[in-house]
Amino acid sequence: MSESRGTFDRIRALLEEGAIAPTPSNYDFLYRYVTAADPQLVDAVDIARRNHGTLADRIIANIRRDLYGTGRQGVSRILEDTEAQLARMNDYVERQDAGARDYVVKLSRSDIDASATLERQHQMLSEMIDATNHMLATTEQLQAELAASSREIDVLKQDLEIARVDARSDALTGLSNRKACCDYLDAQLERARKEERPLSLIFLDIDHFKKFNDNFGHRMGDEVLRLVSASLERFFHGRGFVARWGGEEFVIVMPAHEAEEASQFAERFRQHIGSRAVKARNSGREVGRVTLSLGVAGLLPEDSAQTLIDRADAALYDAKADGRDRVVCWKAAA
């Protein structure tokens with residue numbers, strides 16, 4: 001009992017330390033870590049704790065994805081487990097139904113005949129009581145099994161939701177990933193065509209990002225990515241869909257905005273980020289300003305999603321080629 005209590009206390013301490021959501025999946029993850037049930041998981045968590053100081057929901061999701069996957073194989077496993085639980089639940093229901101029918105048969109055979117001898121009446125009554133007790137015990141067992149399966153399915157549903165979110169989000173920044181962005185862009189392009197309204201795309205790149213990693217370490221680089229990501233979410237909230245395209249590159253899809261208006265927002269955001277001095281979280285040491293290059297393109301009548309992406313990317317390339325720390329809006333060649 002004391003060993004179990006110690007395990008629970010360690011899990012609770014980790015949950016509180018990282019403000020981790022006490023979901024069944026996180027409990028299971030931390031239980032395997034605390035009990036060293038999975039050596040690979042233990043190594044991954046120890047490395048993460050050394051690098052980040054503590055665990056967090058996002059770090060756990062990242063480790064779970066790296067070790068076990070959340071792609072087709074991970075989702076397939078969850079679906080297979082759910083199907084197996086549903087099959088067990090169906091078996092419980094069938095057993096309950098069979099038990100009820102058997103109980104009815106036994107009762108029909110045990111009808112007390114008033115003309116029977118007193119000894120026979122006692123025997124038939126005893127048979128009815130035995131059948132009833134057996135039915136109650138069976139029902140109680142099946143209900144417990146059904147409740148356990150129902151709880152397991154709830155856990156599997158949460159795992160499936162985690163897999164779904166992980167498959168469409170970036171583990172480091174929490175933003176939508178490239179796949180989610182492409183799906184959103186396809187939907188908005190179709191809507192823009194149907195409703196005859198504008199649509200603009202902004203490509204954003206952190207200037208000289210490599211220097212943050214080279215001069216201050218990857219942890220500082222990660223802090224810069226998270227800073228830009230959080231700022232993008234706040235600034236473009238209600239205006240556009242923000243995603244991490246890859247590396248230090250981000251994308252903002254702006255429905256119902258002309259390219260010129262999108263460029264104005266891009267410029268305001270560039271100035272907003274450029275006015276802030278970045279400091280290392282642990283030491284408080286100032287590591288310099290973050291500057292951005294941004295390329296903007298508006299939807300043309302002949303555009304596909306890919307050609308719109310290509311033109312915004314070309315505008316970004318021009319912004320970097322012209323000296324960086326600027327916004328360039330794509331214009332057709334004269």
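This section describes the overall make-up of a predicted model, then one helix pair, a buried phenylalanine beside it in sequence, and the cysteines.

The protein contains 11 helices and 7 strands. Of its 334 residues, 37% are buried. Among contacts with a sequence separation of 6 or more, 66% join residues that lie 24 or more positions apart.

Helices α9 (residues 218-235) and α10 (residues 259-274) form a contacting pair, with axes that come within 11 Å of each other and cross at roughly 135°. This angle is over 115 but not over 145 degrees, and the two helices are therefore classed as oblique to each other. The crossing of α9 and α10 is right-handed. On the α9 side the contact is made by V228, S231, L232 and F235, and on the α10 side by F265, R268, F269, H272 and I273. By residue class, the contact of α9 with α10 comprises 6 nonpolar, 2 polar and 1 charged residue.

F236 is located in the loop between α9 and β2 (241-246). The residue counts as buried because its relative accessibility is 1%, under the 20% cut-off for that class. When neighbours within four places in sequence are set aside, the contacts of F236 are with I202, V242, I252, M254, F265 and F269. Two of these partners, F265 and F269, are also among the α10 residues that make the contact with α9. Another partner, I252, is 16 residues from F236 in sequence, and the C-alpha atoms of the two residues are 8.2 Å apart.

The disulfide count for the model is 0. A disulfide is a covalent bond between the sulfur atoms of two cysteines. C181 takes part in no disulfide, and the cysteine sulfur nearest to its own, that of C182, is 5.7 Å away. For C182 likewise, the closest cysteine sulfur is that of C181, at 5.7 Å. A pair is counted as a disulfide when the sulfur atoms are within 2.5 Å, and the separation of 5.7 Å is therefore too far for a bond. The two cysteines fall into separate accessibility classes: C181 is buried, with a relative accessible area of 2%, whereas C182 is partly exposed, with a relative accessible area of 26%.

Terms used:
Residues numbered from 1 in each chain as written. Predicted model: local features only at pLDDT ≥ 70, side-chain atom pairs only at ≥ 80, totals over all residues. Heavy atoms only, no water. Axes fitted to C-alpha atoms, helices over the stretch in contact; angles between N-to-C directions. Helix = DSSP H or I, 4+ residues; strand = E, 2+ residues; numbered from the N terminus. Parallel < 35°, antiparallel > 145°, perpendicular 65-115°, else oblique. Left-handed = near helix turned anticlockwise from the far one by under 90°. Contact = heavy atoms within 4.5 Å. Nonpolar A, V, L, I, M, F, W, Y, C, P; charged D, E, K, R; others polar. Buried < 20%, exposed > 50% of the residue type's maximum accessible area, 1.4 Å probe, protein only.
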